[in-house]
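Open the model in your viewer and keep the selection panel handy. We will go from stop to stop, choosing a few residues each time and looking at what surrounds them.

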Amino acid sequence: MTDFFPSPNNPGIFSTFEWINAWQRAWGDSEKIIPVVPFINPETPRQSLYSYQQKKYSLFSFTTLFPAGISTVNSRSLRSEYFTLSGLAADQFINAAKGNVWDQFFIPDVLASSDEYFQLTSAAKNAGLMVNIRDTSNSYAVRLIGSSFDNYLKNIGSNTRLKLYNKRKRLYQLGSISSVNLWPQVDEFMIILNRFHVERWGKPCFEGRNLQQITHFLQGISLAGGAPDLSVIYCDGKPVSVVLDLYYRQRIYNIQSGYIEKFKDGISLGTLHLGMQIEKAFSSDAYFYDFMAGTGKNSNYKKSLATDVGNFVSLMLVRSPLLKCLYRIKDTMKH
């Protein structure tokens, strides 16, 4: 793998049988997608494939193949990052996929500096497929190994340090503060998290199929070596902030968070809570505390908190001659 995602972290949580199985339980019967290879082999879960039909440029209909466990325009499930083949060789994966009917093959969020990326693109080109980069994004993390929380604090910006740590004393002056891991009380945690998200964003964080997916996943991964941390901060017995973290294979994934936005002037509850989680992470054997991709509502807080950054590339492997031509025309017009 890479220094940003070392081999002890592989496979990441999103390439595990537990993630793909939870996705299939939640999304496998969606009428908008078609099962191509629905069976999931626990040893090589990436062999499970689905597809969907989509019109391009209002004229042509194309079939897009995709591996189970990812989010697509026709199945907006939870985002899965750090795509890996989990025991499959890249040429084996590509050649097996070619045995099915499709025009293009979507593979999102591959770490651009990884061996996986180079092997996948090489195998695709050898199979006569056009490699089209559909999207890029950054992933942010705090390097834990070989450092300490004190050293980390010294190397972040003063304003960030103020919000992340220095205001903690003021928080404890506001009342009786406690922090609890609600695991395995997933339902109770999700109710609190969704309430905060409705207040801040106008809609729940997890609902419907995605609530089913994350619940099944947490239950499954906890039996496969994962350690969920459903962290809730209470002030005088009232929940005021939540963070959903997951430790798996010496990496801690910061999956989601929520908090009372206008709690007290001068206190950023969400950032303070992350500071507590990061401090706790430095006491573990994890290599990274991983914020993953995405930004905050008002700023890219992940960038200011991170010590390391990786780059994701989403690939479209194109087989249809007509679609290859259309993509080339589109790229030419862009430039």
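**Stop 1: a helix and its cover**

Begin at G202, the residue that follows helix 7; its phi is positive, near 90°. Keep in mind throughout that you are looking at a predicted model.

Now step back and select helix 7 itself, residues 186–201. Its 16 residues reach 21 Å from the first C-alpha to the last, close to the 22 Å expected at 1.5 Å a residue.

Which residues of helix 7 are buried? Colour V186, F189, M190, I192, L193, N194, F196, H197 and R200 to see them. As you look along the helix, recall that an α-helix has 3.6 residues a turn, so residues three or four places apart point the same way.

To find what covers these buried residues, show helix 8 (208–222) along with strand 7 (227–235), strand 8 (238–247) and strand 9 (251–259), which are among the covering elements.

**Stop 2: two helices crossing**

Leave helix 8 on display and add helix 1, residues 17–27. Two packed helices are described by the angle between their axes and the distance between the axes. Here the axes of helix 1 and helix 8 come within 8 Å and cross at roughly 150°. Angles over 145 degrees count as roughly antiparallel, so helix 1 is roughly antiparallel to helix 8. The crossing of this pair is right-handed.

Next, show the side chains where they touch. From helix 1, pick E18, W19, A22, W23, R25, A26 and W27. From helix 8, pick R209, N210, Q212, Q213, H216, F217, G220 and I221.

**Stop 3: R79 and its two acidic partners**

The whole structure has 9 salt bridges, and the next two stops visit some of them. Select R79, E81 and D109.

- R79 and E81 meet through their side chains in a salt bridge, at 3.8 Å from N to O.
- R79 also forms a salt bridge with D109, where the closest N and O atoms are 2.9 Å apart.

What does the pair of R79 and D109 tie together? R79 lies in the loop between strand 3 (60–67) and helix 2 (90–98), while D109 is in strand 4 (residues 104–111), so the bridge joins parts that are 30 residues apart in sequence.

Switch to a surface view to compare the partners. R79 is partly exposed, at 37% relative accessibility. E81 is buried at 5%, and D109 is buried at 5%.

**Stop 4: a network around R143**

Move on to R143 and D308, which form a salt bridge with the closest N and O atoms 2.6 Å apart. R143 belongs to strand 5 (residues 130–143) and D308 to strand 11 (residues 308–318), so this pair ties together parts that are 165 residues apart in sequence. R143 is partly exposed, with a relative accessible area of 24%, whereas D308 is buried at 17%. Add D3 to the selection: D3, R143 and D308 are linked in a network of salt bridges.

**Last stop: Q277**

Finish in helix 9, residues 269–281, where Q277 is found. Is Q277 buried or exposed? Its relative accessible area is 4%, so Q277 counts as buried. Leaving aside residues up to four places away in sequence, Q277 touches D229, S231, V243, D245 and Y289. For a distance check, draw a line from Q277 to R76: the two are 29 Å apart, C-alpha to C-alpha, and 201 residues apart in sequence.

How values were computed
Residues numbered from 1 in each chain as written. Predicted model: local features only at pLDDT ≥ 70, side-chain atom pairs only at ≥ 80, totals over all residues. Heavy atoms only, no water. Helix = DSSP H or I, 4+ residues; strand = E, 2+ residues; numbered from the N terminus. Expected span 1.5 Å × (residues − 1). Buried < 20%, exposed > 50% of the residue type's maximum accessible area, 1.4 Å probe, protein only. Contact = heavy atoms within 4.5 Å. Salt bridge = Lys/Arg side-chain N within 4 Å of Asp/Glu carboxyl O. Axes fitted to C-alpha atoms, helices over the stretch in contact; angles between N-to-C directions. Parallel < 35°, antiparallel > 145°, perpendicular 65-115°, else oblique. Left-handed = near helix turned anticlockwise from the far one by under 90°.
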